[in-house]
Amino acid sequence: MMKAENEEARAGGADANHANRVVLPDHYAAVYARIYDHLARFYDPFVRSALFIMNGGFGGERRWREDIVDLIDPGPGEHLVDLCSGTGTLTILMAEKLKGYGEITGIEISEAQLRVANRKHLPPGLTFVHGDARHATYPGGHFDKAVICAALHEMPRETRKMVLAEAFRLVRPGGRLVAVEHNIPGEWHKALFINAFEYLTPEYPTYKDLLESGLQNEVEAVGFSTLEVRMTASEYFQMVLAEKPDSCDTSP
Ligand SMILES: C[S@@+](CC[C@H](N)C(=O)[O-])C[C@H]1O[C@@H](n2cnc3c(N)ncnc32)[C@H](O)[C@@H]1O
């Protein structure tokens, strides 16, 4: 399916061996919705197993997600948005932190992923919405904080820019973004592991392209100012905490 979709795709910067797997922005959303429609029921066990390997055994995923929640630091009364919320594990953890004093919205394009999310125990104040993170149906400045976790590396550069620009539009001036993505760990055997694993997946070209372009650079390119870059999960992931400057006008 991916190859057929991408016959015409020859995105710049992609590894030649994988060029035929690069998804054009116009096709991208439909392709990923379909991929996740097939993978949704395997997604949570897959992430749990991957973080078991990458982050110190049992509880590895939980520790990784708690690091992310620590950085986003949901506070009472805040409105948060989780872009590309998947099966909602992180969204739920953030909602638990709010303890009902605030609102959190997960925006996800795959209905199958959303079904898995909605079958979980949902704390008060949490809503999952079927939508496209490139064009969310909320007014500008509606949210105090946005998070996007492990989704950008599956997107072509142009799409990443649209999603990050949408995050920028959605948060109020002074509001924050936490973007979480792959990182190449300093230890050679860890670097080899993650690169070898990703090489086997259809997301390899966009994964490489994001690493080359730099998560922090892409976050800043849409207008955010970086406050902190922090590593998590034994350096397999990086987290960029950024702020929308106070001086920014919030347009609808
Ligand atoms: C690797 S998963 C990450 C899910 C979740 N953030 C997590 O931490 O587990 C990427 C998710 O992004 C979703 N996605 C991709 N493009 C999207 C878009 N344009 N709008 C909303 N969701 C999107 C996919 O359907 C998938 O569920």
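**Contacts, burial and pockets**

Biologist: What does Asp44 touch, not counting residues up to four places away in sequence?

Modeller: Thr87, Thr89, Val116 and Lys120 are what Asp44 touches beyond that range. Contact here means heavy atoms within 4.5 Å. This is a predicted model: local features need pLDDT (the predictor's confidence in each residue, from 0 to 100) of at least 70, side-chain atom pairs count only at pLDDT 80 or more, and totals for chains, interfaces and linings use all residues. Residues are numbered from 1 along each chain as its sequence is written, and side-chain values use heavy atoms, with hydrogens and water left out.

Biologist: Why is Asp44 called buried?

Modeller: Buried means under 20% relative accessible area, exposed over 50%, partly exposed in between (1.4 Å probe, protein chains only). Asp44 has 13%, so it is buried. Asp44 lies in helix H2, which spans residues 25-54.

Biologist: What makes the link between the side chains of Asp44 and Thr87 a polar contact?

Modeller: The two side chains are joined at 2.5 Å. The rule asks for a pair of N or O atoms within 3.5 Å, one able to donate a hydrogen and the other to accept it; neighbours in sequence count only if both atoms are side-chain atoms. The Asp44 and Thr87 pair therefore qualifies.

Biologist: Why is Gln216 called partly exposed?

Modeller: Its relative accessible area is 32%, so Gln216 falls between the buried and exposed limits. Gln216 sits in helix H9, residues 215-221. Setting aside neighbours within four places in sequence, Gln216 contacts Thr226, Val229 and Val240. With Thr226 there is also a side-chain polar contact, at 3.5 Å. The C-alpha atoms of Gln216 and Ala242 are 8.7 Å apart, although the residues are 26 apart along the chain.

Biologist: How do you know that H4 is mostly covered?

Modeller: Seven of the ten residues of H4 are buried. They are Leu90, Thr91, Ile92, Leu93, Met94, Ala95 and Leu98. These pack against H3, S1, S2, S3 and S4. Helices (H or I, at least four residues) and strands (E, at least two) are DSSP runs, numbered from the N terminus. After H4 comes Lys99, with a positive phi near 50°.

Biologist: What makes a space a pocket, and what volume has the largest pocket?

Modeller: On a 1 Å grid, a pocket is an open set of points for a 1.4 Å probe, with protein on both sides within 12 Å along at least five of seven lines; lining residues have an atom within 4 Å of a point. The largest pocket has a volume of about 940 Å³, counted as the space filled by probe spheres on the points. Closest to its centre, among 49 lining residues, are Tyr36, Tyr43, Ala150, Glu154 and Glu203. H2 gives the most to this lining, with 14 residues. By class, the lining has 30 nonpolar, eleven polar and eight charged residues.

Biologist: Which residues line the second largest pocket, and how many are charged?

Modeller: Asp44, Arg48, Glu61, Arg62, Arg65, Thr89, Ile92, Leu93, Glu96 and Lys120 line it. Asp, Glu, Lys and Arg count as charged, and this lining has seven charged residues, with two nonpolar and one polar. The second largest pocket holds about 180 Å³. H4 gives the most to its lining, four residues.

Biologist: What pLDDT does the chain average?

Modeller: The average is 89, and 88% of the residues score at least 70. Over residues 1-23 the pLDDT is below 50, yet this stretch has 43 contacts in the model beyond near neighbours in sequence.
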